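Subject: Structure handover and what was found in it

Dear colleague,

I am passing on the structure below, and after it I set out what was found. Please keep the sequence and the 3D view open side by side while you read.

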Amino acid sequence: MEQLADKLEVFVGVVREYCDVIEKADEYSRQRLIRRVRELLPQLYFYALHLPETVSELSIDRVITHEQWSEVFGGLIGKLGSCDMYWEIFNPSQQTPKEPVCGSLADDLADIYRDLKEGLLEWDKGNENIRAAVVWEWRFGFENHWGDHLVDGLRGLNWLIKDRQLTD
C-alpha cells in the first residue's frame, strides 16, 4: 500500500504533468488535448483525496496574474472551440434543482491550472514550511474550488467524447 508521502509525491508529479499539458495545449490536437486532460483529471482527484492535513501559519501568494490566467483561458477557448461549453445543474444535491447553467471547459481547466501551478511554483522552492502551506492550499482548494471545476469539467469531457465520438 502506498504511504502518504508516496501519494503526495505522485500527486506533485501529476500536478506537473497537468500543468505541462495546459501550458502546451496549442501543441495538441483538440481531440488529443481532450483525451489527455480526461486521463489526468481522475488522477488529480484520487491523489487530492489523500493529501495530508497540514497546519501552516504561512500562506502562498497569488503569483499568476489575471492577465496570465486570461492568456491560458483564451488559449484553451481557441483550442476547444465549439467543444468548450456544456450544461449542468449547479448544485445537484438540491431537492428542487435550479435551472441548468452553462459551464466552460476552458474556465474549468484554467482555474484548476492556476490553483495547482501557484502551489507548484512554491513547492519547487523546496522549503519544508512552504511545502506544508502548499499542501494546505491544494487541499483547501480541492475541497472548495478547483475540485468542483475538476468534477464538472470531467463530466463535460466525458459527454463530449461520448456524444461526439472524438477520434485522434
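Glu-17, Arg-32, Arg-36 and Glu-39 are joined to one another in a network of salt bridges, and please bear in mind from the start that this is a predicted model. Over the structure the count of salt bridges comes to 12, and a few of the other pairs are worth finding on your screen.

One of them joins Lys-24 to Asp-20, where the closest N and O atoms are 3.1 Å apart. Lys-24 counts as partly exposed, with a relative accessibility of 34%, and Asp-20 is also placed in the partly exposed class, at 31%.

Another salt bridge brings together the side chains of Lys-117 and Glu-23, at 2.8 Å from N to O. Because Lys-117 belongs to helix H4 and Glu-23 to helix H1, this pair ties together parts that are 94 residues apart in sequence. The two partners are not equally covered: Lys-117 is buried, with a relative accessible area of 16%, whereas Glu-23 is partly exposed at 39% relative accessibility.

In a third example, the side chains of Arg-62 and Asp-115 meet in a salt bridge of 3.4 Å, again taken from N to O. Arg-62 sits in the loop between H2 and H3 while Asp-115 is in helix H4, so here the parts tied together are 53 residues apart in sequence. Are these two residues buried or exposed? Arg-62 counts as exposed, since its relative accessibility of 57% is over the limit of 50%, but Asp-115, at 11% relative accessibility, counts as buried.

Turning to the aromatic rings, a search of the whole structure finds eight aromatic pairs. The ring centres of Phe-46 and Tyr-47 lie 4.8 Å apart and the ring planes meet at 90°, so this pair is edge-to-face. Of these two residues, Phe-46 is partly exposed at 37% relative accessibility, while Tyr-47 is buried with a relative accessible area of 14%. The rings of Trp-69 and Phe-73, by contrast, have centres 4.9 Å apart and planes at 10°, so this pair is stacked. Trp-69 and Phe-73 are separated by about one helical turn, because they are four residues apart in helix H3. Trp-69 counts as buried at 10% relative accessibility, and Phe-73 as partly exposed at 23%.

There is also an aromatic cluster, which is formed by Phe-11, Tyr-45, Trp-123, Trp-138, Phe-142 and Trp-146. Two of these names, Phe-11 and Trp-138, come up again in the largest nonpolar core, which has 46 residues and in which Phe-11, Tyr-18, Leu-44, Leu-116 and Trp-138 touch the most other members. At least two residues of this core are supplied by each of helix H1 (4-23), helix H2 (30-48), helix H3 (66-80), helix H4 (105-123), helix H5 (128-144) and helix H6 (146-164).

Which residues does Leu-44 touch, if those up to four places away in sequence are not counted? Leu-44 touches Phe-11, Val-14, Val-15, Tyr-18, Ile-112, Leu-116, Trp-146 and Leu-150, and selecting Leu-44 is therefore a convenient way to begin looking at the core of 46 residues.

With best wishes

Technical notes. Residues are numbered from 1 along each chain as its sequence is written. This is a predicted model: local features need pLDDT of at least 70, side-chain atom pairs count only at pLDDT 80 or more; totals for chains, interfaces and linings use all residues. Side-chain values use heavy atoms; hydrogens and water are left out. A nonpolar core is a set of buried Ala, Val, Leu, Ile, Met, Phe, Trp, Tyr and Cys residues joined through side-chain atoms within 4.5 Å. Buried means under 20% relative accessible area, exposed over 50%, partly exposed in between (1.4 Å probe, protein chains only). Contact means heavy atoms within 4.5 Å. A salt bridge is a side-chain nitrogen of Lys or Arg within 4 Å of a carboxyl oxygen of Asp or Glu. Rings of Phe, Tyr and Trp (its six-membered ring) pair if their centres lie within 6.5 Å; planes under 30 degrees apart count as stacked, over 60 as edge-to-face and the rest as tilted.
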